[in-house]
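This report concerns the arrangement of secondary structure in one protein chain. The sequence and coordinates are shown below for reference.

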Amino acid sequence: MRGLAIVFVAASVTSCGGPQVEVVRPTNLATLLPATLEAPRPKAGDGKTLHLRVYVDAAIRAQAHWKEDLGDQLDYASQMLTPLVGVKLAVAAEDWKTWDRTGTPEEALAALTALDKGDGVTYVVGFVAPPTAPTKVLAELGDAHPLGKQIIVRGWDDKLDNDRLAASLPELKEAERAEVIGAHKRHKQTVILLHQLAITLGAIASTDPTWLDHPAYSPKQSTFSERNRELMELALDQGFEAEPKVLAQKLLDAIEKSEYGGWLPSSQAEVVAVLKTVVEQGKAGKTAADIPAAAFDQWERIKTLRQQSPKDALIELDNLLAAYPANATMHQLKCDMLLDKPGVNDPITRAACTRVSELAPGDPGPHLAVGQALARTKNWKAAHDELAKAEPKIANLPSADDIAGTWKKLVGIYAAMGALTWTEAALGQATAANVKIDGWPEVAQTAQTRARYGVPRGAKFVAPDAEGTLVGAVRDALDLVYANKFGDAERAIAKAERTWPNAPGLAADRCDLAMRQNQIGAARAHCNRAIAAQPDESWALYLSGVIEMKDPSGTRAGIVKLKLAIAADPELGQAWRTLAKAYAREKDKAALDELGRAYQAKFNAPLPGA
């Protein structure tokens, strides 16, 4: 097929004689085929392997022989890459994945980035639906970011592309036509893959339309420009385990070592900006960059517009990002806006927030934003996983006030989740970072919640992400007790005990329930069980004091229990007031007066009965 094919058309009859053979001029099929991909100065050796994980969407899977075609394209890419830069592509059987993605093909890269971070492989490649209209723009035929691990390749349209190509071909036999179209499909789809892969390795758009790094596809493209080949080889030699800032700096040095007229200036400026941002943010874990002065007015307008029309604000923000693609602060705003809608569980949102961390790896902001959004969905464990990524980065913030304010925000998120252990851990880290936490309400609230609702430190019966749920169950059961719905309270406590057996707070609930039903012996036993499991369980201590005082001879024992309850939970006003009654019964005026003064100072109100 790559040689000369002679096409004969037989037997036409003339009016002046018998049949004669008409010979049609030979058609050189080689002129109809695309260029062969090749390396001008091939390297020796088999090359190291780049392992891929491949995702294929429904539109591609609907095509006949899709897996064979993709395998053929990957193989063709390897045939070029091995002599060009010393690598080959490989996909393990288990790394072929079906992809039932949502969203438009234009959003596919963001969705793929959110879906698969690339652990265990060199690249994650998504093959997605072809464009609905003819285009030669390679940015519309695929997608990738400098230093990224994800690549998108838009598919070949078996109808649109075949018909367009067939219309340009001369009369051919069906088999020959299929062979020519197949060759063009293989070439174009392989070029798209190679073009996007080159972008991840720092390649810059070139001016020559016959180079694979040109921004528009051509069937005449056969290789990469020499300068881009050097960049790709440099990046591959560094290895994908290299620190991003190290790789980015080496690429910058290679780009800036000498002037080169073969690159498009706009593309060079964009790639250099991205690489410089990676370098700068990598130094001592830098945080998000400031807004350039030239963009400040538009930036402020976007923030105002966000309040009025988030959709329009997002459109204008994307326009601004086209001019400043490596500004992490702008990307953080996009992350924040998408967290509002469509929300944290949308893959496009997560990809936008991940992009902030890629540009500003030392900034805790994107992790805090995502963690807080996950907490609002009550996905406590996922929220903690994200917030834990923020904690070591808080020290990177530029001022002590920023550091203190961020620790306070983080503590507040954990406290709102009801996660006592995580709140205390964050308070401890803030203290270790020389942040003054005196006066933070979470300090007293966490201790009070543990004491009042029976969640001791280090409890084995409840995981940190379930502490808030346990506290809620204890409260709900108490509400039923106070409403005299004793049957409902019994069922609620029993249900909670199946999840958290031996929880002191639930034992205290049973104590309260039994006491209100005048089952004093049972009440005392339940309270004693709660206090044995958690000596500072303030509600059980308070109830024990009340139980002791039911017998006048038990007043002194009741006083001891009530004082312990107040020491464990100073906000427990019931214990103060019951203690006042005990002192009055004992006629201990001095103790009652002292208690009254302390109560006045604590609650800014006189102690009843004092």
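The following sections treat a sheet, then helix pairs, then two individual residues.

The model is predicted. Every statement below should be read in that light.

## The sheet and its enclosed strand

The sheet is open and holds 5 strands in the order β4-β3-β5-β7-β6, with mixed pairing. The edges are taken by β4 (87–99) and β6, each of which has a single partner strand, so one side of each lacks a neighbour in the sheet.

Strand β7 (residues 150–154) pairs with two strands of different sense. Towards β5 (residues 123–128), β7 runs parallel, joined by 5 bridges. In this pairing V124 is placed opposite Q150 of β7. With β6 (residues 142–143) the pairing is antiparallel and extends over 2 bridges. Here G142 is the residue that faces V153 of β7. The hairpin of β6 and β7 has 6 residues between the strands, and L147 adopts a positive phi near 65 degrees in this hairpin.

How many of the 5 residues of β7 are buried? The count is 5 of the 5, so β7 is largely enclosed by the rest of the structure. The side chains of the strand alternate in direction: Q150, I152 and R154 point one way, I151 and V153 point the other way, and all are buried. The buried set thus named includes the charged residue R154.

A helix also covers part of this sheet. Helix α6 (residues 174–200) lies across β4, β5, β6 and β7, and its direction makes an angle of about 155 degrees with β7.

## Packing of helix pairs

Three helix pairs are summarised in the table.

| Helix pair | Axis separation | Angle | Contact residues by class |
|---|---|---|---|
| α10 and α12 | 12 Å | about 10 degrees | 5 nonpolar, 1 polar, 4 charged |
| α18 and α19 | within 10 Å | roughly 50 degrees | 3 nonpolar, 1 polar, 3 charged |
| α19 and α20 | within 8 Å | roughly 165 degrees | 9 nonpolar, no polar, 1 charged |

Helix α10 (residues 296–308) and helix α12 (residues 328–340) pack at about 10 degrees. The two helices are therefore roughly parallel to each other, the cut-off for that class being an angle under 35 degrees. On the α10 side the contact is made by W299, I302, K303 and R306, and on the α12 side by T329, M330, L333, D336, M337 and D340. These contact residues comprise 5 nonpolar, 1 polar and 4 charged.

Helix α19 (residues 467–482) takes part in two of the listed pairs. With helix α20 (residues 486–499), the axes cross at roughly 165 degrees and come within 8 Å. α19 and α20 are therefore roughly antiparallel to each other, since the angle is over 145 degrees. Their crossing is left-handed. From α19, the residues A473, A477, L480 and V481 meet F486, D488, A489, A492, I493 and A496 of α20. The division of this contact is 9 nonpolar, no polar and 1 charged.

With helix α18 (residues 441–453), α19 forms a crossing of roughly 50 degrees, and the axes come within 10 Å. α18 and α19 are therefore oblique to each other. This crossing, too, is left-handed. T449, R450 and Y453 of α18 make the contact with E467, V471, V474 and R475 of α19. By class, the contact residues are 3 nonpolar, 1 polar and 3 charged.

## Two buried residues in helices

Is E316 buried or exposed? E316, situated in helix α11 (residues 310–323), is buried with a relative accessible area of 16%, the limit for that class being under 20%. Leaving aside residues up to four places away in sequence, E316 touches Q298, R301, I302 and L305. One of these, I302, also belongs to the α10 side of the contact with α12.

V546 is located in helix α23 (residues 538–549). With a relative accessibility of 18%, V546 counts as buried. Which residues does V546 touch, not counting residues up to four places away in sequence? The contacts are with M515 and T578. V546 and A557 are separated by 11 residues in sequence, and their C-alpha atoms are 10.0 Å apart in space.

How values were computed:
Residues are numbered from 1 along each chain as its sequence is written. This is a predicted model: local features need pLDDT of at least 70, side-chain atom pairs count only at pLDDT 80 or more; totals for chains, interfaces and linings use all residues. Side-chain values use heavy atoms; hydrogens and water are left out. Axes are lines fitted to C-alpha atoms, for helices over the stretch in contact, and angles run from 0 to 180 degrees between N-to-C directions. Angles under 35 degrees count as roughly parallel, over 145 as roughly antiparallel, 65 to 115 as roughly perpendicular and the rest as oblique. Contact means heavy atoms within 4.5 Å. Buried means under 20% relative accessible area, exposed over 50%, partly exposed in between (1.4 Å probe, protein chains only). Two strands pair if DSSP finds at least two bridges between them. A crossing is left-handed if the near helix is turned anticlockwise from the far one by less than a right angle, and right-handed if clockwise.
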